[in-house]
Amino acid sequence: MSCIPLFLIHLGELAVNIMEARNFITAREMLVDDNWLLTTINGEPRYQKPPLPTWLTAFSGAALGLKVWALRLPAVLSAVLLMVFGFKLHSELLNNRRQNFWGALVLVTSFYIIFAGRNGQWDIFTHAFMMVAIFGIHKLFSQTKNLALYGLIAGLSLAASWMSKGPVSLYALLLPFLIAYGIVYKYRWHKGLVLPLLLMLVVAVLGSGWWFWYTYTYDGETLRAITEREANNWTSYNVRPFYYYWSFFTQSGLWTLPAFVALLYPYLKKRVSDPKGYLFSLLWTLLSVVLLSIIPEKKSRYLLPVLIPMAWNTSFYLEYLIEQFKELTDWKEKVGPYLHFGILGTVGVLFPLGGYYLLQDHLEGYWVWFVLLSLSLVVISFFIWRSLIKKQIQKALVFSVVLVMAVICFGLPLAETLSYNPKYQALSALHQWEEQEDLPVFEYDFFTPELIWDYQGIIPVIKNQGEFFWPDQDAFGVLVAEDHLEEFLEDFKDFNYAPAGFYDMNPQAKGESGYKTRLARMLFKVSKRK
């Protein structure tokens, strides 16, 4: 039930981001242009990511309409799948059902899990399918019956994970699991595993490789060029130092402090009820971080697989607090819980004043949501403080989860008040100019996915990857980003041109922090000189 407010409520509220836009555009072009195998984005080949998440997105759009909430729904279902099979796996590895329950709750209330589960991009799909595969692999080495079935499930899930984002989850989630599992639980080999494992590998290879074979066969040159660019990005794009991920536990949001304490093995190893299970979750978490740190290209969203084992690792500390907090005599052990719940309770109590101070100029039309959020946070914070004072840690944890739900239920509609751009103009308004002038429109140098998604159509690019594709028409419109204005003026010096409009889809006004020039375009009316 906790998944309903966390993932479904206000699912279409937030603006479509760049990663989503790429997926949604490709899904739309699958439905409109029938590009299901040789996938496209803005009419151009899109082979950077395998198409399974986009197929699922397109199916949802076909069934429910091309609405943002409908296109995000498959990601929600993937987040639920991740939680269910994470719970099932740990139900067999841990001997404490309550602790396993809290592990699942920590997972679905971690900041980036919520973000990924409410966004129609690839990460949540690949890791959700991989969790199913991991569950199947565990079954292979812990059961003696139905091994062929578990081999088939693992193989299909491995293929689905690969078809969602290539080898990412294989490297960042499965590999550290296999290492940690082998160290802690050992692999029980027997002859009966040969055929199920062979079945798993054959299904995984065939299921994950057929689309790449098809694309290579029918558009090999383009695939090679895209693959080369993607490979170069791993070593030259968003390169960060090895220690970039060392603050990984902060990605859990609400659980930052408990997650950090749970990583302190010398402190917690003698306090947990299942030392073996704790060592396994800790190794799985840390190995995932180390493996990700080796890759030169780093982004915060790449930490998503780390949050999965870390959720259950955190549950060991939470279970310890639930069982022992009332009996603790060492003040140093009490600092963490008092600080954690104290911060939550204080922030909730102060929100009405702080929120009004920050948002007062933009609350018109949002007062109901602001009042509901303020009242709910104050009430929940009261119960958090009350539970803390009475040393009822389990109740304090429950109210912490309720606080997250309240923020999503009543706070998400307030997201629009955090930004204000008086010159905001959606690119979809460009259709009016096209109809009035009866002229086609082209992008000058590159397209921005968010703009193309809003435009709801294809805009050809004139200067694509340095190669020119000049329009055949004598007159046409050209969209130009501010950063490329000088190049445009040079390339079109032999044309007649005049400004014809400006489209800015930035949520912030120009000059404010977060303003992106790629989300704005100047429109020029261009004609050939005779």
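**Cavities, rings and a helix**

Trainee: Which helices each supply at least two residues of the lining of the largest cavity?
Mentor: Keep in mind as we go that this is a predicted model. The lining includes Leu257 and Pro258, Tyr317, Leu318 and Leu321, and Gly336, Pro337, His340 and Phe341. Match those numbers to the helix ranges, and the helices that each give at least two residues are H11 (256-262), H14 (304-324) and H15 (331-359).

Trainee: Which helix gives the largest share of that lining?
Mentor: Gly336, Pro337, His340 and Phe341 are among the lining residues, and helix H15 covers 331-359. With 4 residues, the largest share comes from H15.

Trainee: How many charged residues does the lining of the largest cavity have?
Mentor: The cavity has a volume of about 50 Å³, and Leu397 is another of its lining residues. Sorted by class, the lining holds 8 nonpolar and 2 polar residues, and the number of charged ones is none.

Trainee: How many charged residues line the second largest cavity?
Mentor: This cavity holds about 40 Å³ of space. Its lining is Thr26, Thr39, Arg46, Lys49, Pro50, Pro51, Thr54 and Trp122. Arg and Lys count as charged, so beside 3 nonpolar and 3 polar residues the charged count is 2.

Trainee: Over which ring does the charged end of Lys49 sit?
Mentor: Lys49 and Trp122 both line the second largest cavity. The charged end of Lys49 is 5.3 Å from the centre of the ring it sits over, and that ring belongs to Trp122.

Trainee: Over which ring does the charged end of Arg521 sit?
Mentor: Here, too, look for a charged end placed over a ring. The distance to the ring centre is 4.6 Å, and the residue carrying the ring is Phe446.

Trainee: What kind of aromatic pair do Phe141 and Trp189 form?
Mentor: The model has 45 aromatic pairs, and this is one with ring centres 5.2 Å apart. Planes over 60 degrees apart meet the cut-off; these stand at 80°, so the pair is edge-to-face.

Trainee: How many residues apart in sequence are the parts that Phe141 and Trp189 tie together?
Mentor: Phe141 is in helix H7 (residues 123-142), whereas Trp189 is in the loop between helix H9 (168-184) and helix H10 (194-236). Because the partners sit in those two places, the parts they tie together are apart in sequence by 48 residues.

Trainee: Is Trp189 buried or exposed?
Mentor: Its partner Phe141 has a relative accessible area of 7% and is buried. Trp189 has 61% relative accessibility, and the cut-off is over 50%, so Trp189 counts as exposed.

Trainee: About how many helical turns separate Trp367 and Phe370?
Mentor: These two form an edge-to-face pair, 5.9 Å centre to centre with 90° between the planes. Trp367 is partly exposed at 40% relative accessibility, while Phe370 is buried at 6%. They lie 3 residues apart in helix H16 (residues 367-389), so the separation is about one helical turn.

Trainee: Which residues of helix H18 are exposed on the other side?
Mentor: In H18 (residues 430-437), Leu430, Trp433 and Glu434 are buried. They span an arc of only 100° around the axis, so they fall on the same side of H18. Exposed on the other side are Gln432, Glu435 and Gln436.

Note on methods
Residues numbered from 1 in each chain as written. Predicted model: local features only at pLDDT ≥ 70, side-chain atom pairs only at ≥ 80, totals over all residues. Heavy atoms only, no water. 1 Å grid on protein atoms, 1.4 Å probe; cavity = no way out; pocket = protein on both sides within 12 Å on 5 of 7 lines; lining within 4 Å. Points joined across faces, edges and corners; volume = space filled by probe spheres on them. Phe/Tyr/Trp six-rings, centres within 6.5 Å; stacked < 30°, edge-to-face > 60°. Buried < 20%, exposed > 50% of the residue type's maximum accessible area, 1.4 Å probe, protein only. Lys NZ or Arg CZ within 6 Å of the ring centre and 35° of its normal. Arc of directions from axis to C-beta.
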